[in-house]
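Me: Please take a close look at one strand of this model and at how its neighbours pair with it. After that, carry the description on to the other parts that can be described in the same terms.

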Amino acid sequence: DSQDVCAIEGDRVLREPICCILGHVDAGKTKLLDCIRHTNVQKGEAGGIMQQIGATYVPVEYIKERAKPREGVVIKVPGLLVIDTPGHESFSNMRSRGMSLCDIAVVVVDIMHGLQKQTVESLALLKDRNVRFIVVLNKVDRLCGWKHCPDAPIKKALENQSGDVKKEFQWRLTKVVTQLKENGFNTALYYDNQKFRKVFDIVPTSAISGEGIPDLLLMLVLRSQATMMEKLTFVNTVECTVLEVNDDKDLGTTIDVVLINGVLYKGDQVNVCTKQGPVATIIRDLLTPHPLKELRVKGIYKHHKELKAAQGVKIVARGLKYAIPGTSLIVVKPGDELGQSEAKNQRNENEEGNVIQEISRLKTCKEGVYVQASTFGILEAIIEHLNSPGVNVPVSGCNLGPIEKKDVMKASAMLKRKEEYAAILAFNVRVMPEADVLASESGVKIVTADTLYKLVDSFNEHIKRSKELKKMQCAVDAVFPCTLKILPNRVYRKKDPFLCDVEVLEGVVKVGTPICVYVGGAVHGLGRISSMQTSNGNQIDSAKRGVVVSVKITGESPKEKTRLYGRHFDESNELISQISRRSIDVLKEYYRDEMNDENWQLIRRLKKLLDIA
Ligand code: GDP
């Protein structure tokens, strides 16, 4: 069994690098994994690629056989573990659970499309997390006139192509290199890459005919061992991440984990992070799938007394029902010194403690949306994305699992503070019916989507719509600032409704604007502008500085209706828009784009004049 043989480098024992595959939808992630997995199976070649729990194991013998590395190239790791995100995992663009535990990533780019939204997103996350990656330029077989060279190394396959194909390839490669450069990454074709510590590799592939796949496998192990020897050194401390929680009718609740480092033993006491706090339990069984050929003989799983990193494992134990995917599993050794084990428990409490504590690490603030996702890793990735500068959606709270009434209640706290944030951004979780009812009754918006981009887009759409609605509701309170000069001898009606020609001295006057005069230290309201027309009789809605218009001002309150031109005010008084605290707030909130500096200056002046706090 190739996995029992560990690679030894000096006095180090190395484990398999763990790899995950990212990229835009349809770039060929699934196909690539299939290609890595099946070439061997279909052709009955040696080497024994193994389907594991949540992962595919690629032994080093297989890589050597396929890639035939040059003389002198030494592969020091025992193989490669490629995480396959389960099919139902709709977080396909990020596969963030995979990302948080992987040593090296493959970012798949469709050569015909170049960088796409989710490629850029994946790259940004990898950069944030300081994860090394290789860019796969997939679908080379779609270049016009491509001659298939099944499973050939890419250099050979390219040499085999016509001049036109070579030209198209070069052109498309250059385009992708430029796009990557624009995103802050230096890249080069892997076989031209002299400075792989600084420059990222590009491996062209076809996931259909297999060109470049041997190169990719080889590069994954070579680059990993060259850049992360320390990280890949086998140690006896268990490092293990929960991938999935499953209900099995025979086994009960099990968890699928990736054992990243160390050895797990049947009977180990482990601490698992669950929605209800840390749970201490005993490993009752360690399972891996049977290699394909043995499947019929012995049932689905092989039972183990112990398993060594790195590999995917199914763990059977009690109390796992509420385990949280994306969190780590910690082994508590019975042989530990008393003090040590206490310290360890302490550490468990602090680090793994309960979800609330884990969640509280996430960046949240007082006013913001509520986020809910199926796993901790995804939740973390979503919040990170929402907080990123280009997106800027603040988050006030979050939770894992289905949306329940209590989540809606928490989100509804925003209704009073900042209404548009009274929303739950839900990723890959169910909405319980009673929660749905409560949400629509209380006015909490639940936004669901299956990619991060759609989630953010739908939320932005919701914000836009609710702002427009709010703006409409507030329109009557929005008072644009203006000062108007009454033109002498052009007053046509001296009592309500008052009628005269004015010149707009400052700001902008609109139909609906409440008008007042400031006489003898007091403010007298006259009413609202009920209509407005130009000198040639055209009805208009608004007029800017310098324009002369006829206005009709209609009183609303009994007091306004009694105001008389010539008695309470005259042409020496400017007509000014009657702003208020409320009107200023409304302008600030909804009408910023219709205001300019001059308008704001006028607001400040009128505010002083009208003595508004
Ligand atoms: P994913 O969404 O990234 O997992 O993409 P898939 O692996 O499902 O691939 C999307 C589509 O592209 C499928 O129809 C694949 O058959 C096709 N495809 C993937 N890789 C290649 C490739 O190398 N060459 C060609 N011609 N088609 C490919």
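Reply: Strand β16 (residues 285-289) is joined to β19 by 3 bridges, and the two run antiparallel; helices (H or I, at least four residues) and strands (E, at least two) are DSSP runs numbered from the N terminus, and two strands pair if DSSP finds at least two bridges between them. The model is a predicted one, in which local features need pLDDT of at least 70 and side-chain atom pairs count only at pLDDT 80 or more, while totals for chains, interfaces and linings use all residues. Residues are numbered from 1 along each chain as its sequence is written.

Within this pairing, Leu-286 stands opposite Ile-315 in β19. Strand β12 (residues 252-261) is also antiparallel to β19, joined to it by 6 bridges, and here Val-257 stands opposite Val-313 of β19. Strand β19 itself spans residues 311-316, and 6 of its 6 residues are buried, a residue being buried if 20 or more other C-beta atoms, placed from the backbone, lie within 10 Å of its own. Both faces of β19 are therefore covered under that definition, with Gln-311, Val-313 and Ile-315 buried on one side and Gly-312, Lys-314 and Val-316 buried on the other.

Strand β5 (residues 55-59) can be described in the same terms, since 5 of its 5 residues are buried. On one side of β5 these are Ala-55, Tyr-57 and Pro-59, and on the other Thr-56 and Val-58. Strand β6 (residues 79-83) runs antiparallel to β5 and is joined to it by 5 bridges, with Ile-83 of β6 as the bridge partner of Ala-55.

Val-58 of β5 is also among the contacts of Leu-217, which, leaving aside neighbours within four places in sequence, include Ile-36, Ile-63, Arg-66, Ala-67 and Leu-80 as well; two residues are in contact if their C-beta atoms, placed from the backbone, lie within 7 Å. Leu-217 belongs to the largest nonpolar core, of 126 residues, where Leu-217, Cys-19, Val-136, Ala-423 and Ile-424 touch the most other members; such a core is a set of buried Ala, Val, Leu, Ile, Met, Phe, Trp, Tyr and Cys residues joined through C-beta atoms within 7 Å. Helix α7 (residues 213-227) gives this core its largest share, 8 residues. Another core, of 33 residues, lies apart from it and includes Ala-478, Ile-486, Phe-569 and Val-586.

Methods:
A residue is buried if 20 or more other C-beta atoms lie within 10 Å of its own, exposed if 12 or fewer, and partly exposed in between; C-beta atoms are placed from the backbone.
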